[in-house]
Amino acid sequence: MTRPATRAAPRLRTLAFVLTALGSAPIAVAQAPAGPPAVALLHVTVIDGTGAPPKTNQTVVLRAGRIAALYPTGDRAPPSGIQVLDLPGQFVIPGLIDSHVHLATDPSGSDRRPAVERRLRNALHGGVTSVRDMAGDGRALASLARDALVGDIESPAIYYAALMAGPDFFSDPRVIAVSRGVPPGSAPWARAVTAATDWPRAVAEARGTGASAIKVYAAVSAEVLGPLVAEAHRQGIKGWAHAALFPARPSEVVASGVDVVSHASLLAWEGVPSLPGVNQRVRPDPVLRPDDPRMLALFREMARRGTILDATLFVMGDAAPERQAWCAAVTHAAWTAGVPISAGTDSIGVDTPGRLPDIHDELRLLVQRAGLTPLAAISAATLTGARAIGIDSVRGTIAVGKAADLVVLSADPTRDISHTRDIVYVYRNGRRYAPLTGPR
C-alpha cells in the first residue's frame, strides 16, 4: 500500500535546500555576555547585614558572581591572577533591598517601559540590588524581571506578587489599569476571590505568571484569607498582605499565617470594633496608642510567628504630622517587641537621571523617626528584605557562597545612616556599577 504523503515533506525539502545553499559556511551563534571579572576588595570594613558589629580590615573576594572568600586582610594574600582593589577606610554593606515597590501599575501610562527602566537604573546605581514589587500588570513585570535577570537592562533583581482581593476592590482604577485587555478580576495576576474560589487552581495560575508570592490587598475576610495563605504555602510561595483587609483586622491577618504585612499606618485599625468595607474607609476611631495592651499583644504574636512588618514610612510623607508620628511610634514599638522590620518605600524613586532611590529616605526615617539603630535599619534593608522575598539563602547578607550583591561606601553608615548615600561602587552578581552622578 502506498504511504500517504505527510505535511512535513515540503518543510524537509525546504530545509535541505537552505542547508545546501549555506554550504559549509559557519552559522553564527549568539554568545553569552562575559561574566564579571574576579576581584578582591582589600582593607574594607564589612557590615554583613545580620546586625553583627562591623568587622574592620577585611578582604572580600568576588568570583563568578558569588562571594568566594571573606577573611581578615592580614591573614593571607589575595588569590593570584585577579583584580585587586585596595580600599582602606571604606565600608561594604550588602546590596540594598526595597521591599515595597510598584513598577507596573499603569504600563500604558505613567509606568511606560522607558520611564521604568530609568527608575530601575537609578535604583541599581543608587545601591538597590533587589526589589519586591507589590503587584502590578503581571505581563509587564514578567518582562522586566526577565530582562533584569539576563542583563538586558541595568536593574535590580525583580521579584513580584500576583494580587488577590475581594470583588468589591475591582472597581479601583489601579486594578483596572493592571488588567487592561481582560475583564477586571479575571487575570491570574489580579484575581477576584471569594470563599468559593478554587484555591489550588487560583494559586497555580498565579504562580504561572512568575510571581514569587500572593499579595492580598483588600475586601477579604479572615475566613477567606486563611485558606488562601495555606494554599500559597502548600504550593511553595509566600503570602503577603496589607495589614488590614477590610473586613479582616490586623490581628486576623497575622493569625492567617501571612509572611509579611504592609504599612504601619494600617495597624491603626486594630482597635476599631468592626472594620468598614474597603470603599467606605474613613480615619479609624479610636486609634490605639502604640503601647496599648491590644497593640502589644499584636506585636508579640507577630514576633512569635516571625511576621515581617513592611513599615513603608516614606509613603507617609504627605500625611498629617500626627499620623506620621503615630506610624513611626508604632514601628518603634513593634521593633522593640521583636517584630522584624523590612525597608520598603511604596515607590522606588523618580526617573530623573542620577536621582538616588527612595530607599535612602526610608532608612533615614527608620532611624531618625522610628528609633531603629543604624545597624538595625541596614538589616531591615538587607537581611529582612531578603527574608520577606524568600531569597535569604542567596542574598541579603555578606557571607561566603552568597550572591555578590554589595555596596561600597566612603563613610560609616553605622555612625550616620545618611552615609548609605556615599556610594563608591555597587556590585550586583559580581558586576560593578558606578555610583550616580546626578542630583541627589
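**A pocket, a strand and a threonine**

Good morning. Helices α4 (173-178) and α9 (321-336) each supply at least two residues of the lining of the largest pocket. Please bear in mind throughout that the model before you is predicted.

Let me stay with this pocket for a moment. How much space lies in the largest pocket? The figure is about 600 Å³. Its lining is made up of 33 residues, and those that lie nearest the centre are R174, Y217, H242, H263 and D346. When the lining residues are sorted by character, 20 are nonpolar, seven are polar and six are charged.

I turn next to strand β8, which covers residues 157-165. Is this strand buried or exposed? Nine of its nine residues are buried, so the strand is largely enclosed by the rest of the structure. A residue counts as buried when its relative accessible area is under 20%. The side chains may be followed in two sets: A157, Y159, A161, L163 and A165 point one way from β8, while I158, Y160, A162 and M164 point the other way. Both sets are buried.

Which strands are joined to β8? One of them is β7, residues 128-133, which pairs with β8 in the parallel sense over four bridges. In that pairing, S130 stands opposite A157 of β8. Another is β11, residues 213-216, which runs parallel to β8 and is joined to it by four bridges. Here you may look for A162, which stands opposite I214 in β11. There is also β10, residues 190-192, again parallel to β8, with three bridges between the two. In this case L163 is the residue of β8 to find, and it stands opposite A190 in β10.

My last topic is a single residue, T307. Where does T307 lie? Its place is in the loop between helix α8 (293-305) and strand β14 (308-310). Although T307 belongs to a loop, its relative accessible area is 1%. Because buried means under 20% relative accessible area, T307 is classed as buried.

What, then, is T307 in contact with? Leaving aside its neighbours within four places in sequence, T307 is in contact with V254, V258, D259, V261, M302, V339 and P340. A further residue to locate is W240, which is 67 residues away from T307 along the chain. The C-alpha atoms of T307 and W240 are separated by 9.9 Å.

That concludes my presentation. Thank you for your attention.

Key
Residues numbered from 1 in each chain as written. Predicted model: local features only at pLDDT ≥ 70, side-chain atom pairs only at ≥ 80, totals over all residues. Heavy atoms only, no water. Buried < 20%, exposed > 50% of the residue type's maximum accessible area, 1.4 Å probe, protein only. Contact = heavy atoms within 4.5 Å. Pairing = 2+ DSSP bridges. 1 Å grid on protein atoms, 1.4 Å probe; cavity = no way out; pocket = protein on both sides within 12 Å on 5 of 7 lines; lining within 4 Å. Points joined across faces, edges and corners; volume = space filled by probe spheres on them. Nonpolar A, V, L, I, M, F, W, Y, C, P; charged D, E, K, R; others polar.
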